[in-house]
Amino acid sequence: MRLRDLVARPELGLSVATAPSAALDEPVLRPYVTDLPDPSRFLRPGDLVLTSCLWYRDAADSARFADALADAGARGLVVGLLVTRTVPAGLARACARRDLPMLVIDERYSFSAVCEAVLAETLPAPATAIARAARFHRRLLGAVGPEDGVPRALTAFADEFGMACWVLTPTGRVGGAAGTPPDEAAVSAVRRAVLPGRPGRHPVVVDGAPCSAWSIPDGPGSPHGHLVHPGRPDELDATTTEALRSLHGVLTLQLELAAQRTAAERAAVGGLVALLDADAAAPGEVSAHLRVLGADPRLPTVAVVATIVAPAGTGERAPGGAALPLLEELLAAPGRHLLGTVDDGADGVLLVNGATEADGLVRAVHAAAESWRPLLRDRRLLVGISEAATSVSALSSALETARRRREAAAEAAPGEPVHVVSGTKVDSHRALLSAVPARLRRTFGRQLLAPLLDYDALHGSDLVGTAASFLNSCGSWQRSAEELHVHVNTLRYRIARIEQLTGRSMSSMHDRVDLYLALSCHDEADGGRSAG
């Protein structure tokens, strides 16, 4: 079928925006619906591309989109204006520059009618197969847009072609399924084959049967997930292959739209977290933010902070927020509202509104530890969980507590792939301090160390550093003196001055503990690393 033939059919609602006359006589081989900014990797020469222009942000996007289609050998472009209402700036000019025919479809008409018209001419199949393909495309296009579009698209394919299919999320879980749902063995087999984030199409054997896992792209980053279906690509007939390509395109669009919604939600939650970190907002302001984000300020909220780090204490982290989707999938439950974002330090921050106690969250995280091993590889998931804040005025403290406990998790159990620190698991002095309100910790540190800080400021000395060195060397005069590059007698003089100023004795374990904890609290407020 030629482009000219499509334009000549009034029931399709097509009009020519720009096109060289000869180009309208070129045959169209396949329809392809997409809203990716660069769909070239999925196109074949002779394709007619249909788009709603959701990829458009500025005029430069128009040139990139037109170039991608022309370079892939697309036969033409059909633009729908139901969403954007106007043709993107510069698109007609970019298409004319590349001799790419551009058609516009009247908003009263559907892409599905155009797809059916092309498929009816191009699929070498009997009438029943054509009717099946037409029904499938109509249902598939109807799935675009709604938040349940992924399961609707999968169901459309399973109903028409009798093949169970499902989507594996980047976190290794089932994100939607149609037909017979996969069991844990099937999920594990696919997870091993494609994770972490391998693009392309991968053969997988599930229960002795061949399957394919097809990555759903996310621009230059890791895939949005993988479409899993029975059979290998070279074993499927032409009709099924084309249907799978269309399903893959719609899933790509759906998950990209979902990712955009998630990014907007993350940014909004980030504003609330910044407000809590400042610890200066009135309770009414925090309540207003929670309501705007769909949470109920009258319900208790548990703060969860997590990150994924490399082994051996290198401090290297996975891409920012890699831990967040893991926790969101795991902790989602009826009656809970999850507010997630990524902070400047690449920690995933999750406020679990409606969680009455933290113990259940801790158990849920530990229960998933074994299934997360393939995702983590040799990295570690570190999680800090606060107690439930029963009022919005306690939410800032809960968030800080969760952050402190995440830091404490990094210092404990280095061999564990998943380590959680909460109020029910206290295995270090830092974990213990994390249960103490931040203001109380700072007050304790300042009060005990004030004489030393004042003396250092007045005389340009470093009695605070001397105390930290002496305590960190377990009271060894020789080791501490070597570390400070002073004579042992000089160190003894300084320690005597510290004891005089603070009224604490370095020969008393109780006094040593007080000073050590005060130094830990001071380091936290000052950003230093003197003690511990």
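A search of the whole structure, which is a predicted model, finds 3 aromatic pairs. Start with W55 and Y56. These two rings meet edge-to-face, with 6.3 Å from centre to centre and 75 degrees between the planes. How far apart are the ring centres of W55 and F65, and at what angle do the planes lie? The centres are 4.2 Å apart and the planes are at 15 degrees, so this pair is stacked. A stacked pair needs planes under 30 degrees apart, and an edge-to-face pair needs them over 60. W55 therefore takes part in a stacked pair with F65, and in an edge-to-face pair with Y56.

The stacked pair links distant parts of the chain. W55 sits in the loop between β3 and α2, while F65 belongs to helix α2 itself. The two residues are 10 apart in sequence. W55, Y56 and F65 make up one aromatic cluster. Are its members buried or exposed? W55 and F65 are both buried. W55 has a relative accessible area of 5%. Buried means under 20%, so W55 qualifies with its 5%. Y56 reaches 24%, so it counts as partly exposed.

Stay in this loop for the backbone. C53 is also found between β3 (47-51) and α2 (59-71). Its phi is positive, about 70 degrees, although C53 is not a glycine. Most residues other than glycine have a negative phi. C53 is buried, at 2% relative accessibility. A second residue, R85, also departs from glycine in type yet has a positive phi, near 70 degrees. R85 lies in the loop between β4 (76-80) and α3 (91-97). Which surroundings does R85 have, buried or partly exposed? With a relative accessible area of 48%, R85 is partly exposed. The cut-off for exposed is over 50%, so R85 at 48% does not pass it.

Next comes the sheet that contains β3 and β4. Its 5 strands form an open sheet in the order β1-β5-β4-β3-β2, with mixed pairing. Which strands lie at the edges? They are β1 (14-18) and β2 (30-33), and each pairs on one side only. From one strand to the next, the twist averages 30 degrees. At the β2 end, β2 and β3 pair in the parallel sense over 4 bridges. Within β3, V49 is the residue opposite Y32.

Turn now to the nonpolar interior. The largest nonpolar core has 23 residues. Which of them touch the most other members? They are F136, L154, F157, L227, L247 and L251. Several elements give two or more residues to this core: α5 (127-142), α6 (149-161), β6 (165-168), β9 (209-216) and α8 (238-278). The most comes from α6, with 7 residues. F136 shows how the parts meet. Leaving out residues up to four places away in sequence, F136 touches A156, F157, E160, F161, A243, S246 and L247. Another core lies apart from this one. It holds 22 residues, including L324, L330, L331 and I385.

Helix α8 also leads to a second sheet. It lies across β12 and β13, and runs at about 85 degrees to β12. The sheet has 5 strands in the order β12-β13-β11-β14-β15. It is open, and its pairing is mixed. The edge strands are β12 (337-342) and β15 (418-421), each pairing on one side only. Neighbouring strands here are turned by 20 degrees against each other on average, direction ignored. How do β11 and β13 run? Strand β11 (residues 301-309) and strand β13 (residues 348-353) are antiparallel, joined by 6 bridges. Here V302 faces V352 in β13.

Two arginines complete the tour. The charged end of R201 sits over the ring of W214, at 3.7 Å from the ring centre. R492 lies over the face of W477, with 4.4 Å to the ring centre.

Note on methods: Residues are numbered from 1 along each chain as its sequence is written. This is a predicted model: local features need pLDDT of at least 70, side-chain atom pairs count only at pLDDT 80 or more; totals for chains, interfaces and linings use all residues. Side-chain values use heavy atoms; hydrogens and water are left out. A nonpolar core is a set of buried Ala, Val, Leu, Ile, Met, Phe, Trp, Tyr and Cys residues joined through side-chain atoms within 4.5 Å. Buried means under 20% relative accessible area, exposed over 50%, partly exposed in between (1.4 Å probe, protein chains only). Contact means heavy atoms within 4.5 Å. Two strands pair if DSSP finds at least two bridges between them. Axes are lines fitted to C-alpha atoms, for helices over the stretch in contact, and angles run from 0 to 180 degrees between N-to-C directions. Rings of Phe, Tyr and Trp (its six-membered ring) pair if their centres lie within 6.5 Å; planes under 30 degrees apart count as stacked, over 60 as edge-to-face and the rest as tilted. A charge sits over a ring if NZ of Lys or CZ of Arg is within 6 Å of the ring centre and within 35 degrees of the ring normal.
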